[in-house]
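Please open the structure in your viewer and keep the selection panel at hand. The tour moves from one selection to the next and says what is there at each stop.

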Amino acid sequence: MKTLIQPDGKSFGVGADVRGAALGVLSRDGRFISANDSAAALFGYQIEDLIGKSVVDLASDADQQGVVAGLSLSASGTPHSFNAILHTRNGRRTSLMLHQQTILDNAGHCRALLTIFEEPVVGQRQCLEAAPCSETDSRQRYAHLMIGQEWERKRISSELHDGLGQALTLIKLMVENSLRRMRQGDVDEATGQLDTVVLHMRDAIGEVHHICSELRPVLLDRLGLAVALESLCRRVAQGSQTVAVVFECDVEEHDIPDNLKADMFRIAQEAMNNAMKHGAATEIRLTVQRVEAGILLTIQDNGIGLGNLPVTADPSTFSGLGLIGMQQRVELNGGAFFICCGDGGGTLVSAIWKM
């Protein structure tokens, strides 16, 4: 499924914060433009030292031609996975599976390659055994989750108070005024005002539907994730009339576990809201793809970017609790979350869940 909803290709720079799988953004020729902490740790570098290095140079001599061929195929627009033996900073040879997805510019041409570096299962187990989740880290995650939930409650409370609450207050006052007019014998005036009350009640009902849709879209349960995401894209495009939204989904509904669908919807919703409210984007691309490593969700925009801010609990920053909420949703279901911000603008939000 691919949908284009209508109303400078910039380069990506370092601006990632993540826990989990090793992810990076590579140029078409394979140089690191951005990487997360896990990718830097995998190769034995600091993030700033890894930037600019080429995966071709990190490959063994026998694998370099295969890596170049894999990069070329991925850059052509075909999601591609290939094996390669890459060297870490200390010279250790590591067998990896590279899963790549094309990041497109506004003209639909390859701009960069989102790359997942997957270690063999044995290596993953050794890594997990060597670095178990600490009690401090668990407490930190729980604290972030609680903060995110509290922020979500405040947002819903604000919508109920400022939207629905005020509408119901207005309806109450108008009905009381109509009753007073009827008691005074001014039936025509009362009738006219009650007609207006009906219109306000319709608006209030619409507000209820909107809030319910924000919490749990009916389409998600009735028709599935793809339809719910397409409807979200249409609402975003129609609500702004200045943003083109491209939606693409090549995953069958039965391939997505039910426990992930609501999280995937809310992550897409939050990322698109950020692009609209903070990023001043004119184009947003939302994709759901099945890759060998699992299910990959990406939201890319061409806005002003979120800067090089980490995911923090400070709601005054662009990377405030909305991003913490997205990260926690992904990680609590065993996924990995990745944000890459462009040095000239634009933001890429990615999440992957292993299947």
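Two strands are said to pair if DSSP finds at least two bridges between them. With that in mind, and remembering that this is a predicted model, select strand S9 (residues 294–301) together with S11, which pair in the antiparallel sense over 7 bridges.

**S11 and its partners**

Within this pairing, pick Gln300, whose bridge partner in S11 is Leu348. Next add strand S10 (residues 336–341), which runs antiparallel to S11 and is joined to it by 6 bridges; here Phe338 has Ser350 as its bridge partner in S11. Now keep strand S11 (residues 347–353) alone and colour it by accessibility: 7 of its 7 residues are buried, so the strand is largely enclosed by the rest of the structure. In a regular strand the side chains alternate between the two faces of the sheet. Showing the side chains of S11, you will find Thr347, Val349, Ala351 and Trp353 pointing one way and Leu348, Ser350 and Ile352 the other way, all of them buried.

**S7, H10 and S8**

Move on to strand S7 (residues 244–249), of which 5 of the 6 residues are buried, so that this strand too is largely enclosed by the rest of the structure. Adding strand S8 (residues 283–291) shows a parallel arrangement, with 6 bridges joining it to S7, and Val246 stands opposite Arg285 in S8. Include helix H10 (residues 258–277) as well, and trace the path through S7, H10 and S8, which make a left-handed β-α-β unit.

**Helix H9**

Select helix H9 (residues 225–240), whose 16 residues reach 23 Å from the first C-alpha to the last, close to the 22 Å expected at 1.5 Å a residue. Its buried residues are Leu225, Ala226, Ala228, Leu229, Glu230, Leu232, Cys233, Val236, Ala237 and Ser240. Just after H9, stop at Gln241, which takes a positive phi of about 65 degrees.

**Cysteines**

Return to Cys233, which counts as buried because its relative accessibility is 0%, and then select Cys340, which is buried with a relative accessible area of 0%. How many disulfides does a search of the whole structure find? The search finds 0.

**The open sheet**

Next, display the open sheet of 5 strands, which has the order S3-S2-S6-S5-S4 with antiparallel pairing. S3 and strand S4 (80–87) stand at the edges, each with a single partner strand, so one side of each is left without a neighbour in the sheet. From one strand to the next the twist averages 30 degrees. Inside this sheet, strand S2 (residues 22–26) and S6 run antiparallel and are joined by 5 bridges, and the bridge partner of Ala22 in S6 is Phe117.

**The aromatic cluster**

A search of the whole structure finds 3 aromatic pairs. Select Phe32 and Phe43, whose ring centres are 5.9 Å apart and whose planes stand at 70 degrees, so the pair is edge-to-face. This pair links distant parts of the chain, with Phe32 in strand S3 (residues 32–35) and Phe43 in helix H1 (residues 37–43), 11 residues apart. Then add Phe117: the rings of Phe43 and Phe117 have their centres 5.4 Å apart and their planes at 90 degrees, so this pair is also edge-to-face. Because Phe43 lies in helix H1 and Phe117 in strand S6 (residues 110–118), the pair ties together parts that are 74 residues apart in sequence. Phe32 and Phe43 are buried, as is Phe117, and Phe32, Phe43 and Phe117 form one aromatic cluster.

Terms used:
Residues are numbered from 1 along each chain as its sequence is written. This is a predicted model: local features need pLDDT of at least 70, side-chain atom pairs count only at pLDDT 80 or more; totals for chains, interfaces and linings use all residues. Side-chain values use heavy atoms; hydrogens and water are left out. A disulfide is a pair of cysteine sulfur atoms within 2.5 Å. Buried means under 20% relative accessible area, exposed over 50%, partly exposed in between (1.4 Å probe, protein chains only). Helices (H or I, at least four residues) and strands (E, at least two) are DSSP runs, numbered from the N terminus. The expected span of a helix is 1.5 Å times one less than its number of residues. Rings of Phe, Tyr and Trp (its six-membered ring) pair if their centres lie within 6.5 Å; planes under 30 degrees apart count as stacked, over 60 as edge-to-face and the rest as tilted. A crossover is right-handed if, with the strands pointing away from the viewer, the path from the first strand over the helix to the second runs clockwise. Axes are lines fitted to C-alpha atoms, for helices over the stretch in contact, and angles run from 0 to 180 degrees between N-to-C directions.
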